[in-house]
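Biologist: I would like to learn how to read a structure such as this one. Please show it to me first.

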Amino acid sequence: MGLAVFTHKGGRAGNRLFYAAYLHAACLLLLVVACLASPISFAADAPLAATSYKMAGDATKMRIVVNFDREPDVKWFLLRGPHRLVVDLPSTKFAINAKDVKARGLVRSVRYGDLGEGTSRLILTSKGPFAVDRFDVLKNDDGNGYRIAVDMSAASVREFDAALANQALTTGSTVSPDKGGRIGTGPISNPGHRFTVVIDPGHGGIDGGAEGLNGTVEKNVTLAFATELRARLAAVGKYDVFMTRETDQFLRLDDRVRIARQHEADLLISIHADTIRVKGLRGATVYTVSDKASDPEAQALADRENLSDQFAGMEIKDDNKEVTDILIDLIRRETHSFSMSFAQTLVGQLSTSVGLINNPQRSASFKVLKAPDVPSVLVELGYLSNAKDEAQLLSADWRGKAAQSITNAIALFASARAGAGTGG
């Protein structure tokens with residue numbers, strides 16, 4: 001390439017001319033090679049593309065799926081303060097719809113972006129502690145690209161801290177536990193755990209609940225009673241007691257379940273005071289969860305309570321097969337057995353102090369009772385549609401008697417659980 005026209009004539013001038021021509025030809029050769037190779041080089045250096053992002057689930061369990069144009073080299077780890085799942089990726093172009101990353105369910109916020117030096121990051125901030133049940137990198141069935149699929153669920157602080165400790169020992173490479181090995185173990189695997197009760201005052205905020213004949217609003221009745229019950233349980237000194245809300249606050253039904261799970265509750269008691277069209281019907285009722293309602297009245301009540309989320313425009317649609325499967329999976333036989341046992345004990349205690357309706361132990365498909373590992377009951381204190389019940393619900397003396405009966409039932413239940421070696 002031009003080298004043949006030069007001959008070496010000796011001397012410094014000749015040497016300079018020869019080497020200049022040589023370097024010129026070499027540069028031309030390198031330029032040609034670079035031009036030929038550049039398309040391949042640019043393709044190899046192109047950033048990874050995140051083509052879509054999807055979330056499904058609720059405040060107790062979520063699945064996150066992110067699609068990529070090719071297989072991503074992924075590293076993930078946990079952080080707290082707040083509780084976060086951090087996913088590190090190679091330099092990535094995020095072509096994600098902003099609506100898809102809007103906070104929902106267990107995920108409080110989603111952030112992503114470029115960190116520089118060839119690294120990008122996706123950060124999922126949770127509503128409190130959580131567990132990563134699975135984290136998979138999978139090839140799409142149609143052969144077009146890859147995806148990461150993450151299953152995360154509400155967990156206790158203890159479980160999250162254990163995952164952090166495991167992460168530290170494995171230099172950030174966290175291993176997802178088998179699903180069956182984590183759900184349902186809760187307090188049983190924690191010897192230092194005190195019997196824990198979560199009290200759930202029904203409704204709140206924009207969702208006032210039922211309204212009595214004289215204008216009494218259910219959300220106020222439930223909060224007042226829950227506060228009384230908490231004080232009596234705290235006075236016993238043997239329990240850890242929490243409330244899902246302490247103010248006039250709206251909470252989604254699945255958030256109430258999440259709070260119970262994150263506290264590793266041994267018992268969730270949801271407090272309500274409904275209205276009914278049947279004249280003269282009054283008295284307290286204790287409900288447990290069941291796919292099939294015990295009677296039409298119980299089904300009607302569950303339907304009304306399960307609509308609470310619509311008050312803030314946040315209806316949960318269970319027609320998603322994935323979510324439906326999750327909810328069905330959450331109804332555990334052992335937990336249901338404990339719920340039934342406590343309900344029976346509670347009915348016995350309430351019968352000595354307050355009036356009960358006929359067949360006071362009933363069941364229906366209440367969303368708030370569907371925690372997988374927390375025995376749960378819903379207590380209807382009475383009917384605001386009945387003038388006598390409404391007056392009782394506003395009476396401090398009556399609330400005190402009812403709260404004491406529930407406290408006595410909890411003491412019996414906790415003692416039985418401790419005797420069986422399952423916490424307390």
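Modeller: We will go through a sheet, one of its strands, the helices on it, a charged residue and a hairpin. Keep in mind that this is a predicted model.

Biologist: In what order do the strands of the open sheet lie?

Modeller: Read a sheet from one edge to the other. Here 6 strands form an open sheet in the order β11-β10-β12-β15-β13-β14, with mixed pairing. The edge strands, β11 (240-243) and β14 (356-364), each pair on one side only. From one strand to the next, the twist averages 20°.

Biologist: How many bridges join β10 to β12, and in which sense do β12 and β15 pair?

Modeller: Take the strands pair by pair. β10 and β12 run parallel and are joined by 5 bridges; Ile-199 has Ile-269 in β12 as its bridge partner. β12 and β15 also pair in the parallel sense, over 6 bridges, and Ile-271 stands opposite Val-379 in β15. On the other side of β10 (residues 196-201), the pairing with β11 is parallel over 4 bridges, with Val-197 opposite Val-241.

Biologist: Which residues point one way from β12, and which the other way?

Modeller: In a regular strand, side chains alternate between the two faces of the sheet. From β12, Leu-267, Ile-269, Ile-271 and Ala-273 point one way, while Leu-268, Ser-270, His-272 and Asp-274 point the other way. All of these are buried, and β12 is described as mostly covered, with 8 of its 8 residues buried.

Biologist: Which strands does helix α5 touch, and which does α9 lie across?

Modeller: For a helix on a sheet, look at its contacts and then its direction. Helix α5 (residues 296-305) touches β12, β13, β14 and β15, and its direction makes about 60° with that of β14. Helix α9 (residues 396-419) lies across β10, β12 and β15, running at about 155° to β12.

Biologist: Is Asp-266 buried or exposed, and what does its side chain reach?

Modeller: With a charged residue, check its cover and its partners. Asp-266, in the loop between α4 and β12, is buried yet has no salt bridge. Arg-417, the nearest side chain of opposite charge, is 4.6 Å away, beyond the 4 Å limit for a salt bridge. The side chain of Asp-266 does reach the backbone nitrogen of Thr-196, at 2.8 Å.

Biologist: How many residues lie between β6 and β7 in their hairpin?

Modeller: Look at the turn, then the pairing. There are 2 residues between β6 and β7, and Glu-117 in the turn has a positive phi of about 55°. The two strands pair in the antiparallel sense over 8 bridges; Ser-109 has Thr-125 in β7 as its bridge partner.

Methods. Residues numbered from 1 in each chain as written. Predicted model: local features only at pLDDT ≥ 70, side-chain atom pairs only at ≥ 80, totals over all residues. Heavy atoms only, no water. Pairing = 2+ DSSP bridges. Axes fitted to C-alpha atoms, helices over the stretch in contact; angles between N-to-C directions. Contact = heavy atoms within 4.5 Å. Buried < 20%, exposed > 50% of the residue type's maximum accessible area, 1.4 Å probe, protein only. Lys, Arg positive; Asp, Glu negative; His and termini not counted. Polar contact = N/O pair within 3.5 Å; in protein donor to acceptor, adjacent residues only side chain to side chain.
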